[in-house]
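Welcome, and please open your viewer. We will take a short tour, one selection at a time.

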Amino acid sequence: MDLLFKAYSNTSDDEPEPEPDPEPKPVNHHHLPFRPSKRPKSEYLFPTLDLQKREEAPLPGRYISKRERALAGAVSQAHEPNPIHQDHHVINQSVLGSISELDLPHDVLSSMRHKPKGRAQLSQIPGKLSVALHGHAKAVNAVHWSPTHVHLLASAGMDQTICIWNVWSRGQKKARVFSFHNAAVKDVKWSQQGSFVLSCGYDCSSRLIDVEKGLESLIFRDDQVVGVIKFHPDDSNLFLSGGSKGRLRLWDVRTGKVVHEYIRGLGPILDVEFSTDGKQFVSSSDVSGCNISENSIIVWDISRQVPLSNEVYAEAYTCPCVRYHPFDPYFVAQSNGNYIAIFSSKPPFKLDKYKRYESHGVSGFPIKCNFSLDGEKLASGSSDGSIYLYNSRSSVLVKKIKAYEEACVDIAFHPILSNVIASCSWNGDVSVFE
């Protein structure tokens with residue numbers, strides 16, 4: 001627990017949360033598209049507006065009347081730019097290397113272009129460390145592969161930064177470093193188009209970032225620390241957020257506003273996960289502050305904004321992660337009881353009392369788990385710094401990989417290469433195993 005205290009000691013936990021803006025403020029930027037992908041892109045209608053033109057500086061020595069000075073002062077107050085958006089020096093600092101796939105070795109590029117996706121390709125078991133990525137100064141909370149530009153990996157850290165890694169680049173692997181958040185970053189997700197990342201954190205905001213240009217496109221202000229975000233699987237303009245005050249909100253990136261709010265008087269939201277059909281989602285919240293475990297896991301109806309069940313998990317443990325199986329009708333929850341519980345995804349969402357995944361440790365860390373693309377494997381991080389790979393059907397441990405000296409926090413299967421897993425650690429390391 002000392003490690004947890006040290007990592008969170010410099011965040012805004014002990015400071016009053018900033019007052020929210022009345023509504024999210026769109027930041028006006030054009031963005032340039034990525035290099036076209038051979039796979040078709042889903043529509044992604046992010047709002048983009050023109051930047052305001054800067055006034056030309058007055059000529060040296062020219063007299064400026066009192067009226068001109070008053071007018072200039074009024075304009076500067078009305079349109080004061082955010083230095084992160086307008087300071088080109090800061091923007092240039094975020095661009096460190098190339099995000100192009102042209103710098104990849106031929107064998108890696110060939111594998112990503114020709115291997116089949118999804119269930120057609122049975123998942124293989126990673127065996128060894130392939131790439132070690134060093135760049136975060138503190139613990140890393142999340143990693144996520146780009147779904148379209150599959151050589152790019154995003155990571156979110158307690159050091160207030162988001163890193164974009166060109167994993168197999170022969171040159172600079174750390175391609176982008178974004179420092180738009182004013183406090184620790186809790187989560188990061190790629191847009192379905194793969195041109196943007198969405199992040200959230202302790203500064204009570206979610207932020208949409210144009211990866212190629214290194215510019216912040218939209219800020220979604222909240223009244224709570226935002227701990228988790230997830231894009232809707234069918235409508236790429238919607239994302240769900242959950243935070244420290246137990247508030248769940250569905251946002252629309254086209255308007256920058258909340259579409260639905262899911263109210264239940266919950267504790268801090270630990271994780272959210274959409275069902276495969278996009279009609280429901282599961283939320284996990286911290287109920288350690290009360291004497292009952294009700295509401296720790298809730299299944300919600302998205303459109304009706306009502307819980308379908310709030311008595312899914314009766315154990316007195318918090319669950320830092322929930323995940324739906326990609327094909328079969330069940331979901332799992334990572335429990336602080338040092339196991340992964342299994343639940344039916346059909347009413348009444350019963351707990352499987354005869355099977356669970358239990359070889360790894362959680363021990364209070366925000367340990368996450370993920371299914372492979374074909375659903376045959378379930379990978380979990382662990383408090384002992386290892387990656388645990390289970391057979392998802394039998395729950396039998398297939399392999400244990402010692403990855404770090406400190407806790408392994410998150411696991412992400414590659415979207416195409418079935419034998420590739422990315423992971424991150426409480427000591428600030430990001431790794432790729434093959």
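Start with Asp252 and show what surrounds this residue: beyond its neighbours within four places in sequence, Asp252 is in contact with Phe220, Asn237, Leu238, Lys257 and Val259. Keep in mind that you are looking at a predicted model. Now colour strand E12, residues 248-252, and you will find Asp252 in that strand. Is Asp252 buried or exposed? Its relative accessible area is 9%, and because buried means under 20%, Asp252 counts as buried.

Next, zoom out to the whole protein. You should see five helices and 27 strands. Of the 434 residues, 54% count as buried. If you switch on the surface, its accessible area comes to about 19,900 Å², with 52% of that belonging to carbon and sulfur atoms.

Now select residues 133-167 and 219-261, where an unreviewed UniProt entry places the feature "repeat: WD". Stay with residues 133-167 for a moment: the C-alpha atoms at the ends of this span lie 8 Å apart, and the span is 54% strand and 0% helix.

For the last stop, go to Glu434, in the segment after strand E27 (429-433). Glu434 is partly exposed, at 31% relative accessibility. Which residues does Glu434 touch, not counting those up to four places away in sequence? They are Pro126, Gly127, Lys128, Ser130, Trp168, Asn419 and Val420. Show side chains here to find the polar contact of 3.2 Å between Glu434 and Trp168. Then pick the C-alpha atoms of Glu434 and Val420: 4.6 Å separates them, although these residues are 14 apart along the chain.

How values were computed:
Residues are numbered from 1 along each chain as its sequence is written. This is a predicted model: local features need pLDDT of at least 70, side-chain atom pairs count only at pLDDT 80 or more; totals for chains, interfaces and linings use all residues. Side-chain values use heavy atoms; hydrogens and water are left out. Helices (H or I, at least four residues) and strands (E, at least two) are DSSP runs, numbered from the N terminus. Buried means under 20% relative accessible area, exposed over 50%, partly exposed in between (1.4 Å probe, protein chains only). Contact means heavy atoms within 4.5 Å. Accessible areas come from the Shrake-Rupley method with a 1.4 Å probe; for residues, only the protein chains shown count as cover. UniProt positions are given in the numbering used here, feature names are shortened, and annotations may be inferred rather than shown by experiment. A polar contact is a pair of N or O atoms within 3.5 Å; within protein, one must be able to donate a hydrogen and the other to accept it, and residues adjacent in sequence count only if both atoms are side-chain atoms.
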